[in-house]
Amino acid sequence: MGSIISIQEFAKLSGIEASTLRYWDELGLFSPLLRNPETNYRYYSTAQLLALNFVTVLSDLAIPLKTIAKLRQDRDPEQLLDLLEKQEIKMDMEMRNLRLRYSIIHARRELIKMGAKADISQISVSRLEERSMILWPRNEYSEDATFIEPLAKYVGKVSDYHINLSFPVGGYFDNMESFAKAPNRPDHFISIDPVGLYNRKAGDYLVGYARGYYGEFGDLPNRMLDYAKKKSLSLVGPVYALYLMEEFCTNDTSQYLCQCSVSISRRRAKASVRTKGANAGGSNAGVPL
């Protein structure tokens, strides 16, 4: 039977607050061994610590208290197995939702921090890491249309394309020519979603920044082209327009900040022809890049 102790002593031994024990008693979930009819004080047996384990285990698993109370009076292994299986499925869904929310937070924090550190006045060559994205279907434009028309089309069908609009959305241009010709008409949209099957490869990229509403890049395409020409850089592949700061960060559309990047290759200078006696040391050192 064990020793008879007060509710305060039982609370100390069990780690359950006395107020919680009183509440459980009122629910009929877990009651004291004795109750003084004059003072209404509750008294427990130390042996009840074993019976309490059933309640605390299921409570820790977020099983509703009413369900625990019902099972405590009449239970068998099959009932418990069915209950645990259902709770496992429920918790798996909750963990998936938590992982999704974590991914959204991580993606947005990363872009905002990048925007806060960016030197937006400069065009530069930077090393960018691999990034997973979702590449939306190719956009179709009517005459004089901007990005708004295809975006509205896809927003209405996000579930069909497995797109989560909580992740940052940017623009994808087939190449620098496409970007310079119509910067407000990306060939695709991209979502910065880590489960995306499209990967921007790690490598050296020509990077520039522009402030303003979506599609407003000012002279950025020309400045990037001028920089590439001056530095003898070949611009290869698509242009990525990632909005580091947008309506999520500010009400002022003029303060939206976009990072535009395109992969580069350096043009190799032709090696100069050397005569046998041209190099006194006999070295055939190549021409540096």
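Begin at the largest cavity, which holds about 40 Å³ of space; a volume here is the space filled by probe spheres set on grid points, joined across faces, edges and corners. A cavity is a set of points on a 1 Å grid over the protein atoms alone where a 1.4 Å probe fits but cannot get out, and lining residues have an atom within 4 Å of a point. This is a predicted model, in which local features need pLDDT of at least 70 and side-chain atom pairs count only at pLDDT 80 or more, while totals for chains, interfaces and linings use all residues. Residues are numbered from 1 along each chain as its sequence is written, and side-chain values use heavy atoms, with hydrogens and water left out.

**Stop 1: the cavity**

The structure holds 1 cavity of 30 Å³ or more. Select R108, L111, I112, P168, Y243, L244, E246, F248 and C249 to show the lining of the largest cavity. Helix α5 (77–117) and strand β10 (233–245) each supply at least two of the lining residues; helices (H or I, at least four residues) and strands (E, at least two) are DSSP runs, numbered from the N terminus. With 3 residues, α5 has the largest share. The lining comprises 7 nonpolar, no polar and 2 charged residues, where Ala, Val, Leu, Ile, Met, Phe, Trp, Tyr, Cys and Pro count as nonpolar, Asp, Glu, Lys and Arg as charged, and the others, Gly among them, as polar.

**Stop 2: β10 and its partners**

Select β10 together with β11 (residues 257–266): 10 bridges join these antiparallel strands. Two strands pair if DSSP finds at least two bridges between them. Y243, one of the residues lining the cavity, has C258 in β11 as its bridge partner. Next add β6 (residues 169–173), which pairs with β10 over 3 bridges, also in the antiparallel sense. Y172 stands opposite Y240 in β10.

**Stop 3: the second largest pocket**

Keep β6 and β10 selected and add α6 (148–155); each of these elements supplies at least two residues to the lining of the second largest pocket. A pocket is an open set of points with protein on both sides within 12 Å along at least five of seven lines. The second largest pocket contains about 320 Å³ of space. It is lined by 22 residues, and those closest to its centre are L151, V169, G170, F189 and Y214. The most come from β6, with 4 residues. By class, the lining has 15 nonpolar, 4 polar and 3 charged residues.

**Stop 4: the largest pocket**

About 370 Å³ of space lies in the largest pocket. Select M114, R127, L128, Y209 and Q259, the closest to its centre of the 18 lining residues. The elements giving two or more residues to this lining are α5, β4 (124–128) and β9 (203–211). Strand β4 gives the most, with 4 residues. The lining of the largest pocket divides into 6 nonpolar, 4 polar and 8 charged residues.

**Stop 5: the N-terminal sheet**

Finally, select β1, β3 and β2, which in that order form an open antiparallel sheet of 3 strands. β1 (4–6) and β2 (34–35) are the edge strands, each pairing on one side only. β2 and β3 (residues 42–45) run antiparallel and are joined by 2 bridges; L34 stands opposite Y43 in β3. Add helix α1 (residues 7–14), which lies across β1 and β3 and runs at about 95° to β1. Axes are lines fitted to C-alpha atoms, for helices over the stretch in contact, and angles run from 0 to 180 degrees between N-to-C directions; contact means heavy atoms within 4.5 Å.
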